[in-house]
Amino acid sequence: MVMLSVNEEVQILNIRVFKWNEELHNVESSRGLFLFRIIDNILRNSEFHQRTLKQPELLSVLRIRNKLSMFELVNLSNRDSIKKLVSPAIESRKEDYSDDTAAKLREVVSEYLLGCFKFDIFHPLPSLKKPIIVIVVDVAVSQWTNGTRKRHLPSGFSSERQETKDSRDDASMRSESVKKRRVGDARAYKKEIRSRMQQLKLSHRDEVEIRLVLRSYLEEPRVSVIIPMVPGEPKGLSQVEVAVKEKEFDGNELEVECPICLQGMLRGMKVAKSPCSHIFHRDCLFRWLPKDCRCPLCRSTCATLVRS
């Protein structure tokens, strides 16, 4: 009998924060927008996947399914409320990925928003207009199946065996081994998802597509000219730059080991550079920042301040 197992991998994860400065009628300044975009699963083609890593603009040719929700800005004020904000959008697309992937996406997206941004939230007066905060998350998940053949026992043998003390001990040891392996696999999978994150900048075509989705959701009339809500500030969608920059370690930096885990850094390894120019393993810093948004070495702020 052939048993099929489904394998799943997050190929692309892009998390961006924008300020949307455009005259709108159906949303208040005390609210923000969360756009969760699922990119069609055609990434089984490894050649195409490699091309998208080098040419992110190719993602615009893929069909994208959108899930957009509105939230109160106070939901960006602490860890628990950010997780509650992220969860519904991710859970709403569970047909596109497994429960395990959904749980890990929820953690990674929440950690990134918590660690890289500090949202300065206040309740504006009704007459005080401010640009709308928009959070956009792009996800592409690849799935494939493996077939394994189940071996049948010869008819002369029973599949049941007598339970002895030794067999119970063996079963207990195997159970502990499975638990440890599952914990290790979960950590490795979360690390793998985090490694797929990309810091892509907003292209003109992407801006047009996102803006059309947002205006359609809000039932705003289509207009060809962008009228700014707040004069003097950049109009339309403007991306909030992340202070922590990702790069490949080239060996020219002064640091040769990560100050967090005290392990070495090798050429070509993914690292993160803080605004104060300290270098860390990428994963180490992103695990650190949600707990404390300051640099582990000099205690300077690493999070980008986003004013509502």
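**Long-range contacts and buried residues in a predicted model**

Residues 24 or more positions apart account for 77% of the contacts in the protein with a separation of 6 or more. The model is a predicted one, and its secondary structure comprises six helices and 11 strands. The chain has 308 residues, of which 42% count as buried. About 17700 Å² of the protein is exposed, with carbon and sulfur atoms supplying 51% of that area.

A good place to begin is helix α5, which covers residues 204–217 and includes Arg 215. This helix has 14 residues and reaches 20 Å from its first C-alpha to its last, close to the 20 Å expected at 1.5 Å a residue. Its buried residues are worth a look as a group: Asp 206, Glu 207, Ile 210, Arg 211, Leu 214 and Arg 215 are buried in α5. They cover an arc of only 155° around the axis, which puts them on the same side of the helix. The general pattern behind such an arrangement is that an α-helix has 3.6 residues a turn, so residues three or four places apart point the same way. Just after α5, Glu 219 takes a positive phi of about 60°.

Two members of this buried group can be followed to their partners. Arg 215 has a relative accessible area of 6%, and therefore counts as buried, the cut-off being under 20%. Its side chain is joined to that of Glu 22 by a polar contact of 2.8 Å. Apart from residues up to four places away in sequence, Arg 215 touches Trp 20, Glu 22, Glu 23, Leu 24, Glu 220, Pro 221 and Val 223. Asp 206, in turn, makes a side-chain polar contact of 2.8 Å with Arg 16. Arg 16 is located in strand β1, residues 2–21, and is buried, with a relative accessible area of 3%. The C-alpha atoms of Arg 16 and Leu 202 are separated by 8.8 Å, although these residues are 186 residues apart along the chain.

Attention now turns to helix α3, which spans residues 99–116. At 1.5 Å a residue, its 18 residues should span 26 Å, and the end C-alpha atoms are indeed 26 Å apart. Of these 18 residues, 14 are buried, so α3 is largely enclosed by the rest of the structure. Glu 107, which lies in α3, counts as partly exposed at 32% relative accessibility. From C-alpha to C-alpha, Glu 107 is 7.7 Å from Lys 83, a residue 24 places away in sequence.

Helix α3 also takes part in the aromatic pairing of the model. The count of aromatic pairs in the protein comes to three. One of them is formed by Tyr 112 and Phe 286, a tilted pair with 5.6 Å from centre to centre and 35° between the planes. Tyr 112 lies in helix α3 and Phe 286 in helix α6 (residues 282–288), so the pair ties together parts that are 174 residues apart in sequence. Tyr 112 is buried, with a relative accessible area of 3%, and Phe 286 is buried too, with a relative accessible area of 3%. Ring pairs link Tyr 112 and Phe 286 with Phe 117 and Phe 119 into a cluster.

The loop between β8 (245–248) and β9 (270–273) holds Cys 258, a buried residue with a relative accessible area of 0%. Leaving aside neighbours within four places in sequence, Cys 258 is in contact with Gln 263, Met 265, Phe 280, His 281 and Cys 284. The C-alpha atoms of Cys 258 and Ile 279 are 7.1 Å apart in space, and the two residues are 21 residues apart in sequence.

Leu 262 belongs to the loop between β8 and β9 as well, but counts as exposed at 55% relative accessibility. Its phi is near 65°, a positive value in a residue other than glycine. Further along the chain, Ser 277 is placed in the loop between β9 and β10 (279–281). Ser 277 is not a glycine, yet has a positive phi of about 75°. With a relative accessible area of 42%, Ser 277 is partly exposed.

Note on methods: Residues are numbered from 1 along each chain as its sequence is written. This is a predicted model: local features need pLDDT of at least 70, side-chain atom pairs count only at pLDDT 80 or more; totals for chains, interfaces and linings use all residues. Side-chain values use heavy atoms; hydrogens and water are left out. Helices (H or I, at least four residues) and strands (E, at least two) are DSSP runs, numbered from the N terminus. Buried means under 20% relative accessible area, exposed over 50%, partly exposed in between (1.4 Å probe, protein chains only). A polar contact is a pair of N or O atoms within 3.5 Å; within protein, one must be able to donate a hydrogen and the other to accept it, and residues adjacent in sequence count only if both atoms are side-chain atoms. Contact means heavy atoms within 4.5 Å. Accessible areas come from the Shrake-Rupley method with a 1.4 Å probe; for residues, only the protein chains shown count as cover. The expected span of a helix is 1.5 Å times one less than its number of residues. The arc is that of the directions from the helix axis to the C-beta atoms. Rings of Phe, Tyr and Trp (its six-membered ring) pair if their centres lie within 6.5 Å; planes under 30 degrees apart count as stacked, over 60 as edge-to-face and the rest as tilted.
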